[in-house]
Amino acid sequence: MINQQLRLEVEDWIAKDPDPITSALLRDWLDSENFTELEKSFNGFLEFGTAGLRGPIRPGPSGMNRAVVGRTAAGIAEFLKSRGLSKVVIGRDARHGSNEFLAESAEIFSGAGLDVFVLPRELPTPVLAFAVNELEMDCGVMVTASHNPASDNGYKVYLGGTIDGVKYRGSQIVSPADSQIALEISKVKTPSPRGSKVQIVSEDLINKYLEKTATGAKEIAATKIVYTAMHGVGTQTLLATFDRANFAKPILVTEQAEPDPDFPTVVFPNPEEPGALDLAITLATKVSADLIIANDPDADRCAVAVKDLNSEWRVLRGDELGTLLGHYIANSSNMSGKVLATTIVSSSALSKIAKNSGAGFAETLTGFKWLSKIPNLVFGYEEAIGYCVNPTCVNDKDGISAALKISQINSELMAKGSSIPQYLSEIWEEIGYHRTEQLSIRVSDLSTINKILERLGANPPSKIGKFEITSFEDLSRSKLPTIGFRLWAGEAVRIIIRPSGTEPKLKSYIEIIGEAEFVDQSIKEISAELARLFASYS
């Protein structure tokens with residue numbers, strides 16, 4: 001039975017909903033007394049934070065739809081106007097609703113009196129980040145849910161220049177901008193005026209991105225690379241970038257090359273997920289490729305698979321690729337005054353590479369919204385396969401430029417009769433073997449994560465497997481405060497447990513340093529123990 005308060009809330013939303021499809025669906029649920037669906041759609045306004053918006057596509061205030069996007073755009077417009085800012089550029093990926101959400105945003109921004117620019121077609125997120133700086137925009141909005149399931153969509157917000165004392169330079173918002181925008185969104189009660197004055201960004205902008213991304217890259221030895229866009233928008237941009245750099249054309253996984261918002265060949269469109277690269281590996285084996293590269297659907301992340309020393313295909317962990325890229329960049333030029341940076345959940349290997357190369361080192365909270373604010377950054381990465389190899393071009397993670405950089409490294413190694421696994425072995429000989437592993441638990445109810453974290457904080461483990469816990473730190477009270485815990489078992493074993501900021505997951509990040517056989521076995525034991533621990537706490 002639908003109570004009167006909910007009925008009135010739904011009626012009010014229907015009256016103001018600009019989309020006849022979602023308003024009709026709400027009307028049907030209301031008339032049929034479908035309390036289950038209405039409760040999902042009216043469970044609070046979709047939260048706006050430093051990751052922008054992200055959630056399921058559904059009607060009502062709790063989902064991604066035109067009404068929510070329109071109010072969000074109106075709130076962003078007020079935030080910008082109150083600071084004398086007026087120029088915004090919008091991009092989109094190929095997910096369900098992305099085109100409609102871009103159009104809704106453009107109309108609201110235009111109606112608010114802003115100068116509105118729109119990317120000419122569905123393009124990778126790094127192109128939008130590039131456009132903010134190249135076009136000297138005050139704000140950038142990217143309609144995407146990155147690597148979330150097909151049922152989701154989202155809204156990333158970038159700022160240009162220096163705003164409220166924060167040097168953004170085309171990077172994602174950080175606090176307090178998120179709460180300030182959220183406050184403005186909460187004030188929007190009625191549909192805003194709409195406008196139609198919108199400028200389409202010319203192809204010159206995309207060509208500049210391609211040129212700047214390709215500059216300096218050189219294929220020394222001919223390579224055979226298999227590439228998958230994971231049903232996203234990366235294919236055209238990656239192929240054009242490789243062509244500009246005069247690299248051999250990658251071989252496409254045809255089943256995943258074209259944008260498809262249903263992501264039919266994968267359970268989750270995330271290259272990190274088990275099985276996501278199965279089609280790529282099958283093709284690479286068939287054509288005797290020497291490298292596999294994958295982007296996530298909005299192409300801001302990059303995954304790589306290589307043949308190991310036994311000629312078996314293996315997907316590199318995010319920390320392995322980050323360590324390799326960092327080492328290569330650190331040893332390619334004078335690092336005086338330059339900084340390498342990563343996040344608190346990533347491997348400690350980069351700090352040692354920085355020390356050995358004479359570079360500075362910085363550690364941030366998770367997310368490129370923090371890494372991109374580091375002064376003099378020359379390379380930054382997060383273990384969730386996000387890499388910034390050219391921060392002067394794109395001040396954010398960029399799966400296209402990372403793909404080209406790893407292809408260049410692979411080419412140079414092949415020319416010397418070496419390989420990526422051999423290069424990694426050389427790095428471990430220099431700084432010690434660092435092995436990391438991520439254990440993720442996906443939940444349907446977010447309260448499960450809170451329950452586990454509360455019980456873990458109230459009753460910390462004294463041992464995990466054979467390892468005695470020597471330090472247990474509540475990260476909310478650390479110098480980089482965030483929700484989660486950091487555990488140490490001596491100096492060589494570190495475990496971080498925290499909730500995902502973008503998905504309904506509880507994540508654990510394990511790092512062990514030592515002899516390879518001991519480390520690899522210990523990683524397995526700790527992962528199994530953590531899984532049991534979480535099950536007991538939930």
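Colleague: How many residues of α11 are buried?

Modeller: 13 of the 13 residues of α11 are buried, so the helix is largely enclosed by the rest of the structure. Buried means under 20% relative accessible area, exposed over 50%, and partly exposed in between, with a 1.4 Å probe and protein chains only. This is a predicted model, in which local features need pLDDT of at least 70 and side-chain atom pairs count only at pLDDT 80 or more, while totals for chains, interfaces and linings use all residues. Residues are numbered from 1 along each chain as its sequence is written, and side-chain values use heavy atoms, with hydrogens and water left out.

Colleague: What span does α11 reach from its first C-alpha to its last?

Modeller: α11 covers residues 318-330 and reaches 18 Å, close to the 18 Å expected at 1.5 Å a residue. The expected span is 1.5 Å times one less than the number of residues.

Colleague: And how many helices and strands does the chain have?

Modeller: There are 17 helices and 25 strands. They are DSSP runs numbered from the N terminus: H or I of at least four residues for helices, E of at least two for strands. Along its principal axes, the C-alpha trace spans about 65 × 55 × 50 Å. Of the 538 residues in the chain, 57% are buried.

Colleague: Moving on to pockets. What is the volume of the second largest pocket?

Modeller: About 720 Å³. Its lining has 34 residues, and Glu272, Glu273, Pro274, Glu437 and Gln438 are the closest to its centre. Two or more lining residues come from each of α10 (278-287), α11, β19 (434-442) and β25 (505-513). On a 1 Å grid over the protein atoms alone, a pocket is an open set of points with protein on both sides within 12 Å along at least five of seven lines, a cavity is a set where a 1.4 Å probe fits but cannot get out, and lining residues have an atom within 4 Å of a point. Points are joined across faces, edges and corners, and a volume is the space filled by probe spheres set on them.

Colleague: Which element gives the largest share of that pocket's lining?

Modeller: β19, with seven residues. By class, the pocket lining has 13 nonpolar, seven polar and 14 charged residues. Here Ala, Val, Leu, Ile, Met, Phe, Trp, Tyr, Cys and Pro count as nonpolar, Asp, Glu, Lys and Arg as charged, and the others, Gly among them, as polar.

Colleague: Where is Val443 found?

Modeller: In the loop between β19 and α16 (446-458). Val443 is buried, at a relative accessible area of 12%. Setting aside neighbours within four places in sequence, Val443 is in contact (heavy atoms within 4.5 Å) with Thr448, Ile449 and Pro504. Its C-alpha is 17 Å from that of Pro274, which is 169 residues away along the chain.

Colleague: How many cavities of 30 Å³ or more does the search find?

Modeller: Two, in the whole structure. The largest holds about 140 Å³ of space. It is lined by 16 residues, and Lys16, Ala67, Gly70, Arg71 and Pro191 lie nearest its centre. α4 gives the most to this lining, five residues. The second largest cavity has about 50 Å³, and its lining includes Asp93, Arg95, His231 and Phe263.

Colleague: Back to helices. Which residues of α9 are buried?

Modeller: In α9 (residues 234-244), the buried ones are Gly234, Thr235, Thr237, Leu238, Leu239, Thr241 and Phe242. They pack against α6 (125-134), α8, β10 (225-228), β11 (251-252), β12 (291-295) and α14 (399-415). Asn246 follows α9 and has a positive phi near 60°.

Colleague: What about Met230, buried or exposed?

Modeller: Met230 is buried, at 0% relative accessible area. It sits in the loop between β10 and α9, and its phi is positive, near 55°, in a residue other than glycine. Ala299 also has a positive phi, about 60°, without being a glycine. Ala299 lies in the loop between β12 and β13 (302-307) and counts as buried at 0% relative accessibility.

Colleague: Last one: is the peptide bond from Ser175 to Pro176 cis or trans?

Modeller: It is cis, with omega near 10°. Pro176 lies in the loop between β8 (171-172) and α7 (177-187). Asp204 is 28 residues from Pro176 in sequence and 34 Å away, C-alpha to C-alpha. Asp204 belongs to α8 (residues 203-214) and counts as exposed at 52% relative accessibility.
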